[in-house]
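Subject: The structure you asked about

Hi there,

Here is the structure I promised to pass on. Have a look at it first, and then read on for what turned up.

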Amino acid sequence: MGVRLVVIDDHRLLAEALASALKLRGHRVLAAASPAAGAADLVLSRSPEVCLIGTSSPADPGVFETVSRVKRERPAVAVVVLGPVPSPRGIAAAFAAGASGYVRQDERIEGVERAMVKARAGEVAVSPQLLQSAFAELLNPVEEPDDEGSRLLQMLTPREIEVLMRVAEGEDTRLIAAGMSIAPSTARTHVQRVLMKLGVGSRLEAAALAARTGLLDRVAAGSFPSGGPAS
């Protein structure tokens, strides 16, 4: 028995192509549209058994507002999302909005049909492999490089970086002044500027922040701005 459905996609041509393929397989497509055509209103007015929603950006904010509204106003309508993989955040967002299933966009038409039938029957329509892939990425995310050290370095002038290095080595104002051949008052001013820019209240905090963010290692490796303003 065919499924009574509405097909929605970011791209109208894709929605119409999928709708045509499903019609040929005996399903009753009530409408095919893109979100710009008023997707939620269309679904609510047609009251299908299943709504297929295709999107290329499932993790973007507000993408599944249509799903939320449909489930809120027509709880009996089962929604199946067709989205890219891997997209663990997108999968989570789809189910959080009330979707009954999530299918890969590159899935064969038979896979889409199975998801439609399961969703209409009140079952969760998502493959174990898809869930495994999504959970694996969520539990073992690719580590993003900590950019805080680089950001802090860009805030400091070359001379202030040298002052920070000396502070981290435990030098007091007198030693900093002697090592940099500047007056103690000038050294004290540099230290205060460094503390202010780093948003800390003491030399100890500055040294700890520099060590925690890897700033000291970057400076030692020569990975710091060389064209900063002179002070």
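One definition before we start: a polar contact here is a pair of N or O atoms within 3.5 Å, where one must be able to donate a hydrogen and the other to accept it. Please also keep in mind that this is a predicted model.

With that cut-off in hand, let's begin at Thr-55. The backbone nitrogen of Ser-57 lies 3.2 Å from a polar atom of the Thr-55 side chain. The side chain of Thr-55 also makes a polar contact of 3.2 Å with the side chain of Asp-10. You will find Thr-55 in the loop between β3 and α3. Is Thr-55 buried or exposed? Its relative accessibility is 3%, so it counts as buried. Asp-9 is 46 residues away from Thr-55 in sequence, yet their C-alpha atoms are 5.9 Å apart. Setting aside residues up to four places away in sequence, Thr-55 touches Asp-9, Asp-10, Val-63, Phe-64, Val-81, Leu-82, Gly-83, Pro-84 and Gln-105.

Now for the wider picture. The protein has 12 helices and 5 strands, and buried residues make up 42% of its 231 residues. Of the contacts between residues at least 6 apart in sequence, 66% join residues at least 24 apart.

What about the cores? In soluble globular proteins, nonpolar side chains tend to be buried together. The largest nonpolar core here has 23 residues, and Val-6, Ile-8, Val-43, Cys-51 and Val-67 are the ones that touch the most other members. Two or more residues come from each of β1, β2 (28–33), α2 (39–46), β3 (50–54), α3 (65–73), β4 (78–83) and α4 (88–97). To follow one member, try Val-43: beyond residues up to four places away in sequence, Val-43 touches Val-6, Ile-8, Pro-48, Cys-51, Val-70 and Val-77. Apart from this core lies another, of 22 residues, which includes Leu-156, Val-163, Ala-210 and Leu-215.

Leu-164 touches some of those residues. Leu-164 sits in helix α8 (residues 158–168) and counts as buried because its relative accessibility is 1%. Its contacts, leaving aside neighbours within four places in sequence, are Leu-156, Val-194, Leu-198, Ala-206, Ala-210 and Leu-215. Ala-207 is 43 residues from Leu-164 in sequence and 7.4 Å from it in space, C-alpha to C-alpha.

Helix α8 also holds Glu-160, a charged residue worth a click. Glu-160 is buried, with a relative accessible area of 2%. A polar contact of 2.8 Å joins its side chain to that of Lys-197. Leaving aside neighbours within four places in sequence, Glu-160 is in contact with Met-155, Arg-193, Val-194 and Lys-197.

Next, a pair of helices. How do α9 (residues 173–180) and α10 (residues 184–198) cross? Their axes come within 8 Å, at an angle of roughly 110 degrees, which means that α9 is roughly perpendicular to α10. Thr-173, Ile-176 and Ala-177 from α9 meet Pro-184, Ala-187, Arg-188 and Val-191 from α10. That contact is made by 5 nonpolar residues, 1 polar and 1 charged.

Back towards the start of the chain, Val-3 is in the segment before β1 (4–9). With 0% relative accessibility, Val-3 counts as buried. Val-29 is 26 residues along from Val-3 in sequence, and the two are 8.0 Å apart, C-alpha to C-alpha. Beyond residues up to four places away in sequence, Val-3 touches His-27, Arg-28, Glu-49, Val-50, Met-116, Val-117 and Arg-120.

Finally, take a look around α4. Pro-88, Gly-90, Ile-91, Ala-94 and Ala-97 are buried in this helix, and just after α4, Gly-98 takes a positive phi of about 120 degrees. In the loop between α4 and β5 (101–104) is Ser-100, which counts as buried at 16% relative accessibility. Aside from neighbours within four places in sequence, Ser-100 is in contact with Ala-78, Val-79, Phe-95, Ala-119, Glu-123, Val-124 and Ala-125.

Happy browsing, and best wishes!

Methods. Residues are numbered from 1 along each chain as its sequence is written. This is a predicted model: local features need pLDDT of at least 70, side-chain atom pairs count only at pLDDT 80 or more; totals for chains, interfaces and linings use all residues. Side-chain values use heavy atoms; hydrogens and water are left out. Axes are lines fitted to C-alpha atoms, for helices over the stretch in contact, and angles run from 0 to 180 degrees between N-to-C directions. Helices (H or I, at least four residues) and strands (E, at least two) are DSSP runs, numbered from the N terminus. Angles under 35 degrees count as roughly parallel, over 145 as roughly antiparallel, 65 to 115 as roughly perpendicular and the rest as oblique. Contact means heavy atoms within 4.5 Å. Ala, Val, Leu, Ile, Met, Phe, Trp, Tyr, Cys and Pro count as nonpolar, Asp, Glu, Lys and Arg as charged, and the others, Gly among them, as polar. Buried means under 20% relative accessible area, exposed over 50%, partly exposed in between (1.4 Å probe, protein chains only). A nonpolar core is a set of buried Ala, Val, Leu, Ile, Met, Phe, Trp, Tyr and Cys residues joined through side-chain atoms within 4.5 Å.
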